[in-house]
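Colleague: Could you take me through a single part of this model closely, and say how far the coordinates around it and elsewhere may be read?

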Amino acid sequence: MDPMDAIKQTYFQECDELLASLEEGLLSLEAGEADSDTINAVFRAVHSVKGGAGAFGFQAMVGFAHVFETTLDAMRSGKLDPDPEVVKLMLRAADVLADHVAAAKGEGTVDEARGHAMADELAALVAPEGGAPRTSATPASPAHDEDGGDEWGFKPLKFGDDEPAAASAGWRLVMRPTKAMYAKGHDALLFLRELSRLGPTATTLDTSWLPNLEGLDPEESYCTWTVELPAETPEVAIRDIFDFVGDDCPIELTLSGANVVEPPAATPAAPIDIDALLNSVRTPTAEREALEGGAEKPAAAATPAADKGASKNVPAPAGAGATIRVDLERVDRMIDLVGELVINQAMLQQRVMESGAARSSTIAMGLDELEQLTREIQDSVMAIRAQPVKSVFQRMPRLVREAAGATGKQVRLVMEGEGTEVDKTVIERLSDPITHMLRNAIDHGLESTEERVASGKQEEGTVRLAALHRSGRIVIEVSDDGKGINRPKVREIAVKKGLIAPDASLTDEEIDNLIFLPGFSTATTISNLSGRGVGMDVVKRSIQALGGRITISSIPGKGSTFTLSLPLTLAVLDGMVVSVGEQTLVAPLTTIIETLRPKPEEVRRLGPRGAVLAVRGSHVPLIDIGVALGQRSEPIDPTQGVVLLVESEVGGRAALVADEIQGQRQVVIKSLEANFQRVEGVAAATILGDGRVALILDVDAVVEKMFSDRRDAAPLAKAS
Amino acid sequence: MSKTILTIDDSRMMREMLLMVLQGAGFNVVQAEDGVEGLEALARSTPDVIITDINMPRMDGYGVIEGVRQDPRYRATPILVLSTESSPEKKQRARNAGATGWIVKPFQADTLLDVVRRVSA
């Protein structure tokens with residue numbers, strides 16, 4: 001990659017971080033935690049985005065960021081109070097800035113009208129005395145002046161055109177360095193050298209102020225120089241050289257009529273040498289060395305410490321809590337390799353056991369240690385990829401603001417557990433479901449402001465987004481304090497759409513679950529928000545595809561909670577290894593409640609093929625795994641096999657019948673879709689210690705298939 | 001023996017950009033992410049030129065300049081300010097603190113190298 005492109009990528013990454021901290025800072029200002037650190041951080045974020053934007057020529061972004069920055073600067077200096085209205089405006093401005101960044105990445109466009117309106121609003125905040133807002137859309141041009149020569153940033157002094165420009169005339173420059181100039185790292189020699197670059201110079205040194213040695217202050221400045229330059233030298237160029245040094249080195253510049261230009265070689269050599277010697281007594285180190293060594297010798301070369309070779313290409317110093325950035329591909333590759341290592345280790349162990357080595361043999365003990373280490377490596381590698389869900393959560397305030405704006409509702413978003421860590425692969429896929437659930441909560445869950453007031457609630461609705469770890473899974477909860485699910489209406493719609501029979505008797509929970517049925521939508525008019533073609537059924541499917549589940553709980557008048565639970569990683573799985581006929585299968589441990597060997601009296605026949613199992617007073621359907629996967633046509637006798645009592649999302653509990661249990665182990669998940677094709681009832685595959693491929697059971701799919709088969713037979717629909 | 005330049009900037013992008021330009025021109029580059037780190041870096045390496053940003057967390061550029069000038073070893077080391085700002089007051093403040101030069105961001109590679117070479121003799 002072109003180095004500039006690489007830097008641009010870094011810039012965009014940095015922008016994402018800066019925008020996140022900008023939003024975070026503004027949100028804490030909104031929450032009334034206005035301290036100067038926060039305001040400074042917010043200011044710096046916009047400032048840095050602007051700086052980089054300028055470097056890559058994103059002019060529109062520079063323009064907007066500049067106005068934003070100006071307003072923030074006013075806040076920083078206390079001229080503007082961070083009251084709620086101002087902060088709200090800034091949050092929206094941050095969104096516009098984010099749009100600019102996205103546009104620069106080529107991932108979107110900026111709504112220019114919105115940007116300009118926003119810039120005007122921002123500018124109006126700092127020009128409150130009724131004056132016209134500052135020209136907002138024009139990009140600030142902090143960079144160079146027209147002549148392009150002003151890298152020091154000062155505006156060059158311009159002389160009028162009526163300046164006499166006699167060809168024979170020359171410039172006469174007197175420079176009188178002060179002590180202060182040397183104290184700031186300047187060096188008179190360097191000015192002389194710069195001047196000589198402009199053309200042939202004649203330099204005279206005036207040492208008449210130099211005291212006797214005993215009266216000499218080594219840090220005082222005693223010398224002045226007079227330099228003569230050709231008249232055609234642009235005055236601006238001369239003045240530029242002394243631009244930043246300012247009053248520390250006053251200069252007198254005059255254009256004289258009678259000037260004899262002498263080549264530099266004509267500079268009297270002998271006096272300079274003596275003076276240089278004297279200089280060496282009175283000037284600071286760097287200059288002395290420069291003078292001794294001549295112009296071309298690097299000044300600091302003689303500084304002893306500079307010889308330490310250790311400083312070569314020193315990377316960014318590691319601060320507290322040092323982090324490194326690693327390409328995700330490398331981590332993924334490592335995870336793959338560790339997965340192979342785990343499989344390989346298991347195979348090796350099996351071979352050794354098969355070869356008859358005693359458990360106490362050194363080989364077997366070495367292998368045990370290897371197993372331990374492999375497991376630790378795997379855990380450590382997985383931890384590298386674990387990330388807090390913050391990266392997803394931090395996109396949500398904006399979404400909520402926009403959703404609130406589109407529906408005209410007042411919404412407060414409360415986020416909890418942003419630090420909850422989960423594997424990167426899972427994080428990437430959390431965004432869409434959360435987005436949809438939040439939109440849904442605002443659009444359908446919360447009432448309008450009038451309705452809320454009428455029912456005695458706070459005008460502002462609250463939507464809560466929380467993440468937490470629960471029994472080896474990550475749980476995301478989206479709850480609102482709205483009206484709850486309107487069950488009679490849901491039921492009515494489901495009947496009207498033919499999703500359930502009119503006389504079906506459903507529990508509240510089953511009615512709530514109707515909204516996950518394909519083609520169900522409770523909104524009577526397709527609103528701006530939820531009518532984007534994605535129903536809750538799609539959300540549910542995508543979550544199930546990740547091995548997750550989604551549940552609803554709702555209290556009329558109080559609100560609803562959607563709970564989403566996902567595995568922490570998509571790379572490994574704790575599973576129960578079972579035999580079904582000739583096949584070895586793995587059932588995810590998280591779905592299994594218990595395993596048991598049923599007694600004959602617990603198995604009840606139901607119809608010609610169906611059967612249920614009585615477990616502690618309730619009956620659960622028996623499903624033969626072999627039949628469900630099409631391996632055999634007749635189910636085995638459940639009392640001869642083992643039963644895995646599973647909790648499925650689709651139909652509650654079910655009893656899966658397998659031939660026997662081999663054991664419990666962690667397996668590395670290999671995608672079946674990527675390596676073969678999708679198979680119904682199978683979530684993925686893995687490679688076992690003996691090198692055989694084992695399929696990982698998709699418990700929900702197996703249970704769902706059983707229900708849909710039975711639904712075909714009986715008209716009573718089961719809410720799934 | 002190539003010169004060592006300490007770059008102090010909180011923006012990773014800016015640091016990388018400086019690194020690319022300066023290393024490409026044969027300088028050794030030492031990086032620091034903020035003012036505090038910048039001053040700490042003085043103990044480990046001996047820069048010939050210091051390039052610092054103004055707006056940084058923990059310690060800003062003015063603090064850096066003052067800190068550097070207080071260190072007897074760096075009283076005469078050129079310090080260049082690299083900032084998006086260009087107001088005369090800020091420049092004056094930097095100059096008063098002891099800055100040697102001021103470069104406005106965004107910078108051109110040639111301009112930067114020219115200024116660095118100019119101050120580093």
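Modeller: What follows is a close look at one sheet, and then at the cores and the confidence.

This is a predicted model, in which local features need pLDDT of at least 70 and side-chain atom pairs count only at pLDDT 80 or more, while totals for chains, interfaces and linings use all residues. Residues are numbered from 1 along each chain as its sequence is written, and chains are lettered from A and ligands numbered from 1 in the order in which they are written.

The sheet in question is an open one in chain A, built from five strands in the order 20-12-13-22-21 with mixed pairing; strands here are DSSP runs of E of at least two residues, numbered from the N terminus, and two of them pair if DSSP finds at least two bridges between them. Strand 20 (660-668) and strand 21 (682-687) of chain A each have a single partner strand and stand at the edges, so one side of each is left without a neighbour in the sheet. From one strand to the next the twist averages 35°, taken between lines fitted to C-alpha atoms, with angles running from 0 to 180 degrees between N-to-C directions.

At one edge, strand 21 of chain A pairs with strand 22 (residues 693-697) of chain A in the antiparallel sense, over five bridges, and A:A685 stands opposite A:L695 of strand 22.

At the other edge, A:E660 lies in strand 20 of chain A and counts as exposed because it has 11 C-beta neighbours inside 10 Å, the limit for exposed being 12 or fewer, with C-beta atoms placed from the backbone. Apart from neighbours within four places in sequence, A:E660 is in contact (C-beta atoms, placed from the backbone, within 7 Å) with A:V578, A:S579, A:G641 and A:V642. Its C-alpha atom is separated by 8.9 Å from that of A:V577, which is 83 residues apart along the chain.

As for the cores, the largest nonpolar core (buried Ala, Val, Leu, Ile, Met, Phe, Trp, Tyr and Cys residues joined through C-beta atoms within 7 Å, buried meaning 20 or more other C-beta atoms within 10 Å) has 98 residues, and A:F68 and B:L80 are among those touching the most other members. A second, separate core of 40 residues includes A:L629, A:V646, A:I669 and A:V703.

On confidence, chain A averages a pLDDT (the predictor's confidence in each residue, from 0 to 100) of 76, and 80% of the residues score at least 70. Over residues 285-320 of chain A, however, the pLDDT is below 50, and it stays under 50 over residues 715-720 of chain A. Where pLDDT is low, the predicted coordinates should not be read in detail.

Notes: Helix = DSSP H or I, 4+ residues; strand = E, 2+ residues; numbered from the N terminus. Contact = placed C-beta atoms within 7 Å.
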